[in-house]
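User: Hi! Could you walk me through a few packing details in this one?

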Amino acid sequence: MQSVLVTGGAGFIGSHFCERLVREGIHTVCLDNLDDFYDPAVKKRNIASLLTSPLFENMVGDVRDLAFLRDLCRPRSFDGIVHLAARAGVRHSIQNPLLYEEVNIRGTLNILEICREFHIQRLVFASSSSVYGEKAKIPFSEADPADSPISPYGATKRAGEILCYTYHRLYGIDVACLRFFTTFGPRQRPEMAIHKFTRLIDQGEPVPVYGDGSSLRDYTYIEDIIDGLFKALQKNRGYEVYNLGESRTTRLVDLLKMLETALGRKALVRHYPDQPGDVRATWADITKARQRLGYDPRFSMEEGIRRFVAWYRITRAS
């Protein structure tokens, strides 16, 4: 593997993955549109350390712009594409479903067209545990039905998986669809729960908790996700779907306790009703990823929280 295109490469997961590729000696092209979902300056900081590497190229552009994608690919030869660019967030998708359809479905279809036109035979597609919807059976297995997501975000990610299968079947593209389970760690987006709660507790402001705090999430530390991504890019053949999680769950109230311990401050909690689109539990069965990719998450929730809070304190002071 000599050259890889990473869409959404300046974001939380994307910037970490670009760093991994460069460390592995792989020429890496980062594509990001630097949209205003959150401060674009954050994304620029995410990749700042990579800009001096001869193995790294930074491109500003949008996956919805097929002509731009063609111009990007014509002078280059990519061995694979890692498609992380997406409009993220369950609650935001309920407020603006048309934008989510445009970015997450049309953008993915454009990337698949680029694979077809430029004979790029390896694609990793970032999906989400949101495709499972509200399940009574846990943990979630890739063999479970994923035909009832309860948010537009989840629906667009499931649609992306189906489009990926279609292009695999028609054109023989090797595609790994990775269902991420609540990724956290340094550079996490500011509106995501762990980052938001950390900031509010640190500032002594109320922490909004929707529901009674008993909801469960399979929180997965960023370095484990990056390792799974890299192994999928290297090893996957054919069309496959993989769960990437830690394969353990943490209650929301216990997450708050961990953050209180790491920050040395008590949280001022305010309870609100459950929000539409939120599921009660996520929990990854990672048997398939372990067996086929060698995926082996190493970071406990507690260690991940300590590392995240240490990063938060450094960035807050800078």
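Analyst: Sure, here is a short tour of a pocket, some helix pairs and two backbone oddities. This is a predicted model, where local features need pLDDT of at least 70, side-chain atom pairs count only at pLDDT 80 or more, and totals for chains, interfaces and linings use all residues. Residues are numbered from 1 along each chain as its sequence is written, and side-chain values use heavy atoms, with hydrogens and water left out.

User: What volume does the second largest pocket have?

Analyst: About 370 Å³. A pocket here is an open set of points on a 1 Å grid over the protein atoms alone, where a 1.4 Å probe fits, with protein on both sides within 12 Å along at least five of seven lines. Points are joined across faces, edges and corners, and the volume is the space filled by probe spheres set on them.

User: And which residues lie nearest its centre?

Analyst: Val42, Arg45, His195, Trp311 and Thr315, out of 14 lining residues; lining means having an atom within 4 Å of a point. Helices H2 (40–46), H7 (193–203) and H11 (301–317) each give two or more residues to that lining. H11 has the largest share, with four residues. Helices are DSSP runs of H or I with at least four residues, strands are E runs of at least two, and both are numbered from the N terminus.

User: How many of the lining residues are charged?

Analyst: Four, alongside four nonpolar and six polar ones. Ala, Val, Leu, Ile, Met, Phe, Trp, Tyr, Cys and Pro count as nonpolar, Asp, Glu, Lys and Arg as charged, and the others, Gly among them, as polar.

User: At what angle do H7 and H11 cross?

Analyst: Roughly 60 degrees, and their axes come within 11 Å. That makes H7 oblique to H11; under 35 degrees would be roughly parallel, over 145 roughly antiparallel, 65 to 115 roughly perpendicular, and the rest is oblique. Axes are lines fitted to C-alpha atoms, for helices over the stretch in contact, and angles run from 0 to 180 degrees between N-to-C directions.

User: Is the H7 and H11 crossing left-handed or right-handed?

Analyst: Right-handed, meaning the near helix is turned clockwise from the far one by less than a right angle, while anticlockwise would be left-handed. Ile194, His195, Thr198, Arg199 and Asp202 of H7 make the contact with Met301, Ile305, Phe308, Trp311, Tyr312 and Arg316 of H11. Contact means heavy atoms within 4.5 Å.

User: What about H9 against H11, which residues meet there?

Analyst: From H9, Leu255, Met258, Leu259, Ala262 and Leu263; from H11, Met301, Glu302, Ile305, Val309 and Arg313. By class, that contact has eight nonpolar, no polar and two charged residues. H9 (residues 252–263) packs on H11 at about 50 degrees, with the axes 10 Å apart, and the crossing is right-handed.

User: Switching to the backbone, where is the cis peptide bond?

Analyst: Between Ile138 and Pro139, with omega about 0 degrees. Pro139 sits in the loop between strand E5 (122–128) and helix H6 (152–171).

User: And what's up with the phi of Thr182?

Analyst: Thr182 has a positive phi of about 35 degrees, though it is not a glycine. Thr182 is in the loop between strands E6 (174–180) and E7 (183–184). Most residues other than glycine have a negative phi, and most peptide bonds are trans.
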